[in-house]
Amino acid sequence: MTGNHRNSSITRRRAIAVTGGTVAAGGIAVAGYQSAFADTTDTAEATATASATSTGACMTLMSSVTEGPYYLDGALVRKDITEGKSGVPLTLRLTVVDATDGCTPVKGAAVEIWHCDAWGYYSGYTTANPGGSAPAESEDGSTANDNTYLRGYQIANANGVVKFETIFPGWYTPRTCHIHVKVHTGGEKEDGTYEGGTVNYTGQLFFDDTVAEEIFALEPYSQHSGSYTTLDDDMVYDGGGASSGLLTLKAVHKADPSKGYKGSLSLAIDPDAENTGAGSGGGGTPPSGAPSGEPPSGAPSESASPPASASS
């Protein structure tokens, strides 16, 4: 698959969408996992954070970008956001650090993510055509709630770490494969979601083209055909690597990508800044009459969400 969306208008949109600055050079180590869905913070993770803090080294402040057109308020606080959606399992570990204070962990930060399913559909916007040729979202056979699947919050632990269990996202025209992310501080968990506080960072997480194209050759992704947009041709990704949201990926089993991936990244934010990402442009256009606001009552809870399932 090759990207075919590079043009002057996309270049202009990228220039409008991507903002941010640099506060300090260097990097922060991110420890590996012991298993695909590890639930505890290991010694390596704590050591990596402590090392970065003690040396005063800190990575570049993350570039804030558009939240895109598919955001919904009221996502649930939960680790597993799959709701039975089929796809290649993805364990996502994000570490929130304060870029203005030597990369100290931001304990209690609420990290919110949302992304499309294997065929390019977002919950809440399931009538939006993902481009190319794909089955209708309703044909996937899952029990997912159409307003809540593949959306959720996690609250950072003492090391600034959150972990999600999800699936590898699909794609939609004209975007590359990505996950949306917001970091909130100052609010609190209430009625199963996160209320109040400030949005300090709005960004997107990206995937290496080689890995993405390998995944998209598998079921159910392969049922969505068309021209996939590569990183170089994407209207939002600016080529900055980790500071622009490029994930570090590790296969659970190198010989069998269907077994899943572990993705990790440090999000270096300014806890005193506010960036909602609203009105920044880019990311595609939702259909007319698309829903907004909080998900309906009776939406699946964390305990009701089944684990991610590997594709065959």
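The dialogue below works through a predicted model, setting its values against the definitions.

Student: What makes up the secondary structure of the chain?

Tutor: Three helices and 11 strands. From the N terminus the order is α-α-β-β-β-β-β-β-β-β-β-α-β-β. Of the 312 residues, 53% count as buried. The chain exposes about 12300 Å², and carbon and sulfur atoms supply 47% of that area.

Student: Among contacts between residues at least 6 apart in sequence, how many join residues at least 24 apart?

Tutor: The share is 82%.

Student: What is the strand order in the open sheet of four strands?

Tutor: S4-S3-S6-S9, with antiparallel pairing.

Student: Why do strands S4 and S9 stand at the edges?

Tutor: Strand S4 (151-155) and strand S9 (198-206) each have a single partner strand, so one side of each lacks a neighbour in the sheet. Neighbouring strands of this sheet are turned by 20 degrees against each other on average, direction ignored.

Student: How do you know that S3 and S4 pair?

Tutor: Pairing needs at least two bridges. Strand S3 (residues 110-114) and S4 have five, in the antiparallel sense. Therefore they meet the rule for a pair. At residue level, tryptophan 114 has arginine 151 of S4 as its bridge partner.

Student: Now the aromatic rings. How many aromatic pairs are there?

Tutor: The count comes to 13.

Student: Why is the pair of tyrosine 70 and tyrosine 172 called edge-to-face?

Tutor: Centres must lie within 6.5 Å, and planes over 60 degrees apart count as edge-to-face. Here the centres are 5.6 Å apart and the planes stand at 85 degrees. Both values fit, so the pair is edge-to-face.

Student: What parts does that pair tie together?

Tutor: Tyrosine 70 lies in the loop between helix H2 (43-55) and strand S1 (89-98). Tyrosine 172 lies in the loop between strand S5 (161-167) and strand S6 (178-185). The pair therefore ties together parts that are 102 residues apart in sequence. Tyrosine 70 and tyrosine 172 are both buried.

Student: What makes the pair of phenylalanine 216 and tyrosine 228 edge-to-face?

Tutor: The ring centres are 5.2 Å apart and the planes stand at 75 degrees, so the pair earns that name. Phenylalanine 216 is in helix H3 (residues 209-216), and tyrosine 228 is in the loop between H3 and strand S10 (248-251). This pair ties together parts 12 residues apart in sequence.

Student: Why is phenylalanine 216 called buried, and tyrosine 228 too?

Tutor: Buried means under 20% relative accessible area. Phenylalanine 216 has 4%, so the term applies. Tyrosine 228 has 0%, so the term applies there too. Both rings belong to a cluster linked by ring pairs, with Phe168, Trp171, Phe207, Tyr221 and Tyr261.

Student: How do you know that lysine 85 lies over the face of tyrosine 149?

Tutor: The distance limit from NZ to the ring centre is 6 Å, and the charge must also be within 35 degrees of the ring normal. Lysine 85 is at 4.2 Å from the ring centre of tyrosine 149, over its face. Likewise, the charged end of lysine 182 sits over the ring of tyrosine 71, 5.1 Å from its centre.

Student: Why is histidine 224 called buried?

Tutor: Its relative accessible area is 4%, so histidine 224 falls under the 20% cut-off. The residue lies in the loop between H3 and S10.

Student: Which residues is histidine 224 in contact with, leaving aside its neighbours within four places in sequence?

Tutor: Trp119, Pro130, Gly131, Gly132, Ser133, Ala134 and Trp171. The C-alpha atoms of histidine 224 and glycine 170 are separated by 8.6 Å, though the two are 54 residues apart along the chain.

Terms used. Residues numbered from 1 in each chain as written. Predicted model: local features only at pLDDT ≥ 70, side-chain atom pairs only at ≥ 80, totals over all residues. Heavy atoms only, no water. Helix = DSSP H or I, 4+ residues; strand = E, 2+ residues; numbered from the N terminus. Buried < 20%, exposed > 50% of the residue type's maximum accessible area, 1.4 Å probe, protein only. Contact = heavy atoms within 4.5 Å. Areas by Shrake-Rupley, 256 points an atom, 1.4 Å probe, with all protein chains shown as cover. Axes fitted to C-alpha atoms, helices over the stretch in contact; angles between N-to-C directions. Phe/Tyr/Trp six-rings, centres within 6.5 Å; stacked < 30°, edge-to-face > 60°.
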